[in-house]
Amino acid sequence: MRADLTPKTATDPPPEPNGTGLFDARYTAFLETITHLRPRLHRYCARMTGSVMEGEDVMQEAVFEAYRKLDQFDDSRALSPWLFRIAHNRCIDFLRQREVREEAEAVAAEPDLTRPTEPPDQPLDFAVERLVIFLPPKERACVLLKDVFDYSLEETAELVDSTVGGVKAALNRGRAKLAVLPKRASTPTSPAPELLRLLQLYIERFNRHDWDGLRELISADARLRVADCFAGRFGDSPYLAEYKRYAGAWRMALGTVDGETVALLLRETAEGWVPAAPVRFVMTSGRVERIVDFFKCPWVLEAAESVAVS
C-alpha cells in the first residue's frame, strides 16, 4: 500500500555528472544568485498548486528548467518575470496532471462580459490569498500575479500568455468569486494506520539516533531529495551521516502542514523545540521508498497556513 505522504512531482534537479547525486557546482551557484526570488516564486507555486510542499517541488522543477534555458534568457530584461513565466507554465502542467484543467477549460467557454469588480484597496490577506485554489487556473494566476505580486495588466498578460482584455475578464470573475467564498480552515487527513505506524517508528528511531535502525526501514533503492544539495539514490547520500553529525541540534515529531501528515524537523531555540522543516515520505509495502527533506527551504513553513506538532 502506498502512503498519502507522497511528493506528486518526479523530476529531480541535476545531480553531479559523476552520479553521486550531489548538485553540480554551476547549478548551486545559479541557485545562490536567485535566492532572493525563491520565496516569492514558492509562494506563487504554492498558491497555484494548493500545497506549500507541492509548490516547492514545482518551483524546484521550474528553477532547474530556467537553469537549462539560461542561454535563451535576454539579460537586458528583468530576471523575475522570466522565472515567473517558467514557474507559471510548470504549475499549469501540474494542474493538468491533476485533472484540474477541465474546470479551466469549462470556464474558458464563459462569456468575458462580467461585471467589473474593483481591485482590493490593499493586498489580499493571508487567508483570502489561500482561497484562490478554488478558482480555475487562469483566474487563479491572474489574481495572484496582479493582486498579490503586483504585476501590471500587461505583464500579467505576458506571463499567462493572454491579452490585457483576457486578464481583465479573468480578474473580474476571480475577484467576484473570492468576494463570496467563505474562509476555510485546513482539515487534517490521516494516512492508513499501518503507514502511520511506520512513520512513527521512523520518528522514534531518528530521535534515539538509531541510524542503523532507520536504514532498516528504508528500501535499498529508495530515492532522496534534499533541496539545494542532493537528488539521487538514498544509498549514495551522506544524509543520515549529516544528521548524526548534528544529532543534538535536531529532533523529529509527527505533525501536519496545512492538514497534511508529515514528519516535522524541530530545532531547539530559547523558546523550546519549534518546527523548522517538513519531511515527506513515500512508503510502499512497509518500506520508505522516497524522502523529500525541506530543511533548506525555510519559506515552505513560512507560507503555510497551519503547522501543528501532534
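His209 is found in the loop that joins helix 10 (193–207) to helix 11 (211–217). In this predicted model, the phi of His209 is near 60°. That is a positive value in a residue other than glycine. Most residues other than glycine have a negative phi. His209 has a relative accessibility of 36% and therefore counts as partly exposed, since that class lies between the 20% and 50% limits.

Asp150 gives a second case of positive phi outside glycine, with a value near 65°. Asp150 is placed in the loop between helix 7 (137–148) and helix 8 (153–159). The relative accessibility of Asp150 is 63%, so Asp150 counts as exposed; the cut-off for that class is over 50%. Val148 belongs to helix 7. With a relative accessible area of 14%, Val148 is buried, because the limit for burial is under 20%. Val148 and Glu129 are separated by 19 residues in sequence. Their C-alpha atoms are 7.7 Å apart in space.

The protein as a whole contains 13 helices and 7 strands. It has 310 residues, and 51% of them count as buried. Among contacts with a separation of 6 or more, 68% link residues 24 or more positions apart.

The strands form an open sheet. Its 7 strands follow the order 2-1-6-5-4-3-7, and the pairing is mixed. Strand 2 and strand 7 (307–309) are the edge strands, each pairing on one side only. From one strand to the next, the twist averages 35°.

At one edge of the sheet, strand 1 (residues 218–226) pairs with strand 2 (residues 230–233). The pairing is antiparallel and runs over 4 bridges. Arg223 has Arg233 of strand 2 as its bridge partner. Leu224 is bridged to Gly232, also in strand 2. The hairpin made by strand 1 and strand 2 has 3 residues between the strands. In this hairpin, Asp228 takes a positive phi near 75°.

Two helices are recorded as lying across several strands. Helix 3 lies across strand 1, strand 3 (250–257), strand 4 (260–269), strand 5 (272–284) and strand 6 (287–293). Helix 3 runs at about 70° to strand 5. Helix 10 lies across strand 1, strand 3, strand 4, strand 5 and strand 6. Helix 10 runs at about 155° to strand 3.

Helix 3 also packs against other helices. The axes of helix 3 (residues 52–68) and helix 4 (residues 79–97) come within 9 Å. They cross at roughly 125°. The two helices are therefore oblique to each other. Their crossing is right-handed. On helix 3, the contact is made by Glu54, Val58, Glu61, Ala62, Glu65, Ala66 and Arg68. On helix 4, Trp82, Leu83, Ile86, Ala87, Arg90, Cys91 and Phe94 take part.

Helix 1 (residues 25–33) packs on helix 3 at an angle of about 115°. The axes are 11 Å apart. That angle makes helix 1 roughly perpendicular to helix 3. The crossing of helix 1 and helix 3 is right-handed. Helix 1 contributes Arg26, Tyr27, Phe30 and Leu31 to the contact. Helix 3 contributes Gln60, Val63, Phe64, Ala66 and Tyr67. Ala66 thus appears in the contact with helix 4 and in the contact with helix 1.

The largest nonpolar core has 63 residues. Those with the most contacts inside this core are Tyr27, Tyr44, Met48, Val52, Phe84 and Val257. Apart from this core lies another, of 31 residues. Leu198, Leu199, Tyr239 and Val279 are among its members. Tyr27 of the largest core is also part of the contact between helix 1 and helix 3.

The surroundings of Met48 can be listed in detail, leaving aside its neighbours within four places in sequence. Met48 is in contact with His88, Cys91, Ile92, Leu95, Ile133, Pro137, Arg140, Ala141 and Leu144. One of these, Cys91, also takes part in the contact of helix 4 with helix 3.

Conventions:
Residues are numbered from 1 along each chain as its sequence is written. This is a predicted model: local features need pLDDT of at least 70, side-chain atom pairs count only at pLDDT 80 or more; totals for chains, interfaces and linings use all residues. Side-chain values use heavy atoms; hydrogens and water are left out. A nonpolar core is a set of buried Ala, Val, Leu, Ile, Met, Phe, Trp, Tyr and Cys residues joined through side-chain atoms within 4.5 Å. Buried means under 20% relative accessible area, exposed over 50%, partly exposed in between (1.4 Å probe, protein chains only). Contact means heavy atoms within 4.5 Å. Two strands pair if DSSP finds at least two bridges between them. Axes are lines fitted to C-alpha atoms, for helices over the stretch in contact, and angles run from 0 to 180 degrees between N-to-C directions. Angles under 35 degrees count as roughly parallel, over 145 as roughly antiparallel, 65 to 115 as roughly perpendicular and the rest as oblique. A crossing is left-handed if the near helix is turned anticlockwise from the far one by less than a right angle, and right-handed if clockwise.
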